[in-house]
Each structure stands twice: as structure tokens, then as C-alpha cells.
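Let's take a walk through this structure together, beginning where two strands meet and then stepping back to the arrangement as a whole.

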2 protein chains.
Amino acid sequence: MLLIAGTVRVPVENLAAARDAAAAMILATRAEDGCLQYAFAEDLLDPGVIHISEVWRDKGALEGHGKSAHMAVWRTAVRELGVRERNLKIYEVGEGQPL
Amino acid sequence: MLLIAGTVRVPVENLAAARDAAAAMILATRAEDGCLQYAFAEDLLDPGVIHISEVWRDKGALEGHGKSAHMAVWRTAVRELGVRERNLKIYEVGEGQPL
């Protein structure tokens, strides 16, 4: 599986608009084949920092996500909202162990 | 390295108190030897769901964290605040690739 984790930063004045745009994209993404986990979350200590957490079945599923209509809409929103400091990493992982 | 990812749920009426208790613990944890990443973040779509994101240099560093005084304080807060639905996984990972 592929695990993606990291952050982006949204200008604080654009947070409300970013929440709306992200919500639509998140729900559409969760319905994609091969999407096992997909969430955005707001850092507890640093307003505007959004944590992104994804798990995909395989590379093909992730590639399909990248080509989806909802991601095209989201990329436009990302530009318009000034989302920056993109810091995401992708890891190949097994099932993981419950902690 | 060890990557920990997942969620807990805080009763919405206890979110403000949980933010305060978590903030102190997060800052103390980030100062620990071997802590490479440590953040809590609030789910964008599901109020009360907290995403936890950790990266540790090795098992020894994570074990030291578990024995720390600030984690003992946090565990008491977790009980008192009714934190539940703990769903965390631990993965052995390499450096990961920038996405």
C-alpha cells in the first residue's frame, strides 16, 4: 500500500473557503476505487497548517486519483486560495500494526 | 524509522480542554531525543476526531516517549476527557519520497 502524510499551509484568511473546497474533494476522493484512507485535518497548534493523510491500495489507484475531475477542481482552488508550503511524503507500507 | 498515524475521538464538549492538555504534551514531546515529527490535528469534516502524526528515529526513542512524565499527565487527561475510539497504527518506514 502507499501511505501519504504531510502538510500544506492555507493563508488564515482563506481557511473557511479552503474548508468548503476541500470537503467536496475529500468526499469524492473517498468514493474512488482503491482509496483506503483520505483525510484533511487542521493542526492543533499552528492555524492554517493542514495535515493530509492518505492510504491507497496501489500506484494505479493513486494515479487514477491524480487524473480525477475533482482533483482538477481542487488544484484550481489550491492556486486561487494561495495554498503553499506543500510538504508531503509518500511511503510504501505494509498493513501496519495496531498501536 | 517508525511512523505512527491514526485518530482518536474527543467528545465535542471537551475539545477546548483537550486542546490545552494536548498542546503542553505536544511541545514537550517535540523536544524529546529521537522525535522527528509529532502533531495533532482536527479533522476537517468530523468534529472531535483528532489525527495523530508521529515519526520516531527508532524503537528506543518511542519507548522513552512512553515513559515520559508529560505522557503520564496526558494519559490522565485522556481518561478524564473521555477520549475514545483510539485507532492508531505503527509502520516501519524508510525516508519516504517527496510527493
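In this predicted model, a good place to start is strand E4 of chain A, residues 84-92, which is joined to E5(B) by 2 bridges. The two strands run antiparallel. If you would like a pair of residues to find on screen, look for Lys89(A), whose bridge partner in E5(B) is Pro98(B).

Now step back to the contact between the chains. Chain B contributes 25 residues to the contact, and chain A contributes 25 residues as well. On chain B, several elements each supply at least two residues to the side that touches chain A. Among them are helix H1 (15-30) and the strands E1 (2-9), E3 (49-56) and E4 (84-92). Which element gives the most to this side of chain B? That is E2(B), with 5 residues. Sorted by class, the side of chain B that touches chain A holds 17 nonpolar residues, along with 4 polar and 4 charged ones.

How are the two chains related? A turn of 180° with a shift of 0.0 Å along the axis lays chain B on chain A, with an RMSD of 0.0 Å. This is therefore the relation of a two-fold axis. Both copies use the same surface, and 100% of the contact residues of chain B recur in chain A.

Finally, have a look at helix H3 of chain A, residues 69-80. Its 12 residues reach 17 Å from the first C-alpha to the last, close to the 16 Å expected at 1.5 Å a residue. After H3(A) comes Gly82(A), which has a positive phi, near 70°.

Key:
Residues are numbered from 1 along each chain as its sequence is written. Chains are lettered from A and ligands numbered from 1 in the order in which they are written. This is a predicted model: local features need pLDDT of at least 70, side-chain atom pairs count only at pLDDT 80 or more; totals for chains, interfaces and linings use all residues. Copies are superposed by least squares on the C-alpha atoms of residues with pLDDT of at least 70 in both. Two residues are in contact if their C-beta atoms, placed from the backbone, lie within 7 Å. Helices (H or I, at least four residues) and strands (E, at least two) are DSSP runs, numbered from the N terminus. Ala, Val, Leu, Ile, Met, Phe, Trp, Tyr, Cys and Pro count as nonpolar, Asp, Glu, Lys and Arg as charged, and the others, Gly among them, as polar. Two strands pair if DSSP finds at least two bridges between them. The expected span of a helix is 1.5 Å times one less than its number of residues.
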